[in-house]
Amino acid sequence: METDNTGGNMGEKEDMEMSENPFEPFIESLRQQLEDQDPVFLIAVIVALAVVVITCVFLKYFLSSKTVRSAVLLVGLCDAGKTLLFSRLLSGKFKRTQTSITDSSAPYKAKNERASTWTLTDLPGHDSLRAQYLEKFKSSARAIVFVVDSAIFQKEVRDVAEFLYILLTDTVISRNAPALLVACNKQDITMAKSAKLIQQQLEKEMNTLRVTHSAALSAQDGSVGGSVYLGKKGKDFEFSQLPLKVEFLECSARGSKGEEGDADIDSLEKSLAKL
């Protein structure tokens with residue numbers, strides 16, 4: 001006698017279909033329920049889900065793009081004394097230095113009750129390197145220490161003002177508004193200019209730069225849009241007009257007693273403690 005395998009084959013086929021689509025009954029049930037629902041209710045559910053998704057995407061973008069600004073940048077022209085100042089702030093020790101061609105970073109513990117710790121970063125002062133290193137670190141700046149050689153400031157006033165102008169008209173720096181500490185270094189040298197005189201001369205020089213830069217931009221495209229205007233229009237430039245805190249202070253990374261003595265950087269350390 002021949003055995004009829006038709007029923008057995010059909011059962012096996014159904015089992016295979018069930019194993020291949022284990023969620024099909026659930027999907028079919030869900031589809032049926034959705035068809036029975038009021039269209040207005042379905043639209044409301046879709047809108048609610050869309051709002052949730054958009055909110056999640058926005059929060060992810062906002063949190064990932066938010067940068068914690070914990071860096072204190074040492075910037076300035078070559079030979080202004082940035083690297084020695086970097087060493088003095090970190091260890092208090094005198095260190096012979098040479099012109100930097102790359103950045104140096106280390107944790108700096110502020111002298112305050114909170115024992116705040118910032119990342120102190122020394123940036124190269126050579127004019128061919130300034131822009132790329134400023135671009136790299138500017139977004140993380142909590143404060144910028146702009147170091148000036150007070151002894152030869154009169155010779156470098158134009159270059160100092162030009163660099164400072166570029167710094168202050170940068171859109172990222174203008175938006176983040178880090179504290180700006182202008183450290184008038186090398187006060188141990190007899191011919192050093194005072195912080196007050198340096199501030200006054202820089203304000204005059206930057207007022208001139210503002211006019212020439214605005215005229216150059218206007219000549220290029222007929223407007224000055226797209227750049228940060230320094231200070232208040234219709235008034236001579238003053239640092240007090242800026243949206244960030246600016247402080248001029250005097251210091252000497254070398255110190256009045258030379259290599260064996262302590263640095264005179266108390267005013268700078270007090271300002272850093274307030275960040």
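**Group meeting talk: pockets, a bent helix and a few residues**

Let's start with the largest pocket, where helix α4, residues 82-91, gives the most to the lining, with three residues. Before I go on, please keep in mind that this is a predicted model. The lining of that pocket comes to 25 residues, and those nearest its centre are Asp79, Gly81, Lys82, Leu84 and Thr97. The space inside is about 400 Å³.

Asp79 deserves a second look while we are here. You will find Asp79 in the loop between β1 and α4. What is the phi of Asp79? The angle is near 65°, a positive value in a residue other than glycine. As you all know, most residues other than glycine have a negative phi. Asp79 counts as exposed because its relative accessible area, 57%, is over the 50% cut-off.

Ala115 has a positive phi too, about 55°, and again this is not a glycine. Ala115 sits in the loop between β2, residues 104-109, and β3. With a relative accessible area of 36%, Ala115 is partly exposed.

Let me step back to the whole chain for a moment. There are nine helices and six strands. Of the 275 residues, 37% are buried. If you take contacts between residues at least 6 apart in sequence, 71% of them join residues at least 24 apart.

Now for the enclosed space. How many cavities of 30 Å³ or more are there? The count is one, and the largest cavity holds about 40 Å³. Its lining is made of Val75, Gly76, Leu123, Pro124, Arg130, Tyr133, Leu134 and Phe163. Both β1 (71-76) and α5 (130-137) supply at least two residues each, and α5 gives the most, with three.

Phe163 from that lining takes us to helix α6, where Phe163 is among the buried residues. The others buried there include Phe153, Glu156, Val157, Val160 and Leu164. Residues three or four places apart in an α-helix point the same way, because there are 3.6 residues a turn. Please look at the course of α6 as well. The helix covers residues 153-168, 16 in number, yet its end C-alpha atoms are only 19 Å apart, short of the 22 Å that a straight helix would reach. Where does α6 bend? The bend is at Asp159, by about 35°.

Next, a residue in a strand. Thr121 belongs to β3, residues 117-122. Is Thr121 buried or exposed? Thr121 is buried, because its relative accessible area of 1% is under the 20% cut-off. Leaving out residues up to four places away in sequence, Thr121 touches Val72, Leu73, Leu74, Phe86, Asp103, Ser104, Ser105 and Phe137. With Ser105 there is also a polar contact, side chain to side chain, at 3.0 Å. Tyr108 is 13 residues from Thr121 in sequence, and their C-alpha atoms are 9.4 Å apart.

My last stop is Glu203, in helix α8, residues 195-221. Glu203 is buried as well, with a relative accessible area of 15%. Which residues does Glu203 contact, leaving aside its neighbours within four places in sequence? They are Phe237, Glu238 and Phe239. Glu203 and Glu238 are 35 residues apart in sequence, while their C-alpha atoms are 5.7 Å apart in space.

That's my tour, and thanks for listening!

Methods: Residues numbered from 1 in each chain as written. Predicted model: local features only at pLDDT ≥ 70, side-chain atom pairs only at ≥ 80, totals over all residues. Heavy atoms only, no water. Helix = DSSP H or I, 4+ residues; strand = E, 2+ residues; numbered from the N terminus. Buried < 20%, exposed > 50% of the residue type's maximum accessible area, 1.4 Å probe, protein only. Contact = heavy atoms within 4.5 Å. Polar contact = N/O pair within 3.5 Å; in protein donor to acceptor, adjacent residues only side chain to side chain. Expected span 1.5 Å × (residues − 1). Bend = angle between axes of the 7 residues up to and from the residue. 1 Å grid on protein atoms, 1.4 Å probe; cavity = no way out; pocket = protein on both sides within 12 Å on 5 of 7 lines; lining within 4 Å. Points joined across faces, edges and corners; volume = space filled by probe spheres on them.
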